[in-house]
Amino acid sequence: MSWMSNTRSACNGNTNGYIYALVRMNKRQMPDGSADLLTRSEDPKFYLNNEFVKYIGCTNNPISRLQSHRHKKGKKIGMVIFGEAETPAEGKMMEAEAIYNYCKIKGEGPAYQKGHDTWAGA
């Protein structure tokens with residue numbers, strides 16, 4: 001089994017969730033200058049303080065989720081984890097709050113965000 005498969009399997013059943021931002025990489029680099037595709041920011045407002053943010057989400061398996069996003073949205077996508085939730089309900093609340101704050105401050109949702117501006121699912 002490959003390293004990525006082992007890591008993805010190890011994340012299955014993870015009890016914590018991670019709030020993340022997908023960022024558009026420029027010349028295969030993350031906004032902080034590193035070349036990592038998956039990184040963590042200690043700034044809980046990372047999603048508001050960074051112009052490269054294209055999507056805000058929540059997952060308990062960041063590696064698998066990043067692979068899925070990169071498959072659908074392109075290889076110039078990286079993931080920055082900026083929050084952690086102890087329960088699924090808390091994670092969904094933190095994700096919704098981050099999307100709300102982003103829309104309120106920036107006037108629109110992140111470029112790849114879907115459904116944030118409709119009543120679907122409300």
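The following exchange examines how the terms used for this predicted model rest on their definitions.

Reader: How do you know which residues and values are admitted here?

Author: The model is predicted, with local features needing pLDDT of at least 70 and side-chain atom pairs counting only at pLDDT 80 or more, while totals for chains, interfaces and linings use all residues. Residues are numbered from 1 along each chain as its sequence is written, and side-chain values use heavy atoms, with hydrogens and water left out.

Reader: What makes up the secondary structure of the protein chain?

Author: Helices (H or I, at least four residues) and strands (E, at least two) are DSSP runs, numbered from the N terminus. The protein chain has three helices and four strands, in the sequence pattern α-β-β-β-α-β-α.

Reader: What makes strands count as paired, and in what order do the four strands form a sheet?

Author: Two strands pair if DSSP finds at least two bridges between them. Eight bridges link β1 (residues 17–24) to β4 in the antiparallel sense, and six link β1 to β3, also antiparallel. Strand β2 (residues 38–40) runs parallel to β4, with three bridges between them. The result is an open sheet of mixed pairing, ordered β2-β4-β1-β3. Its edge strands are β2 and β3, each of which pairs on one side only. From one strand to the next the twist averages 30°, where axes are lines fitted to C-alpha atoms, for helices over the stretch in contact, and angles run from 0 to 180 degrees between N-to-C directions.

Reader: Which residues stand opposite one another in these pairings?

Author: Val23 faces Gly78 in β4 and has Val53 as its bridge partner in β3. Ala21 stands opposite Ile56 in β3, and Thr39 has Val80 as its bridge partner in β4.

Reader: Why is β3 called largely enclosed?

Author: A residue is buried under 20% relative accessible area, exposed over 50%, and partly exposed in between (1.4 Å probe, protein chains only). Five of the seven residues of β3 are buried, so this strand is largely enclosed by the rest of the structure. Strand β4 (residues 77–85) is mostly covered, with eight of its nine residues buried. Over the protein chain, 37% of the 122 residues count as buried.

Reader: How do you know that the span of α3 is close to the expected one?

Author: The expected span is 1.5 Å times one less than the number of residues. Helix α3 (residues 88–106) has 19 residues, and its 27 Å from first to last C-alpha is close to the 27 Å expected. Just after α3, Gly107 takes a positive phi of about 85°.

Reader: Why are the buried residues of α3 said to lie on the same side?

Author: The buried residues of α3 are Gly91, Glu95, Ala98, Ile99, Asn101 and Tyr102. They cover an arc of only 160° around the axis (taken from the directions from the helix axis to the C-beta atoms), which puts them on the same side of α3. The face turned away from the buried side carries the exposed residues Ala89, Lys92, Tyr100 and Lys104.

Reader: What does the buried side of α3 pack against?

Author: Contact means heavy atoms within 4.5 Å. The buried residues of α3 pack against β1, β3 (53–59) and β4. The helix lies across these three strands, β1, β3 and β4, and runs at about 165° to β3.
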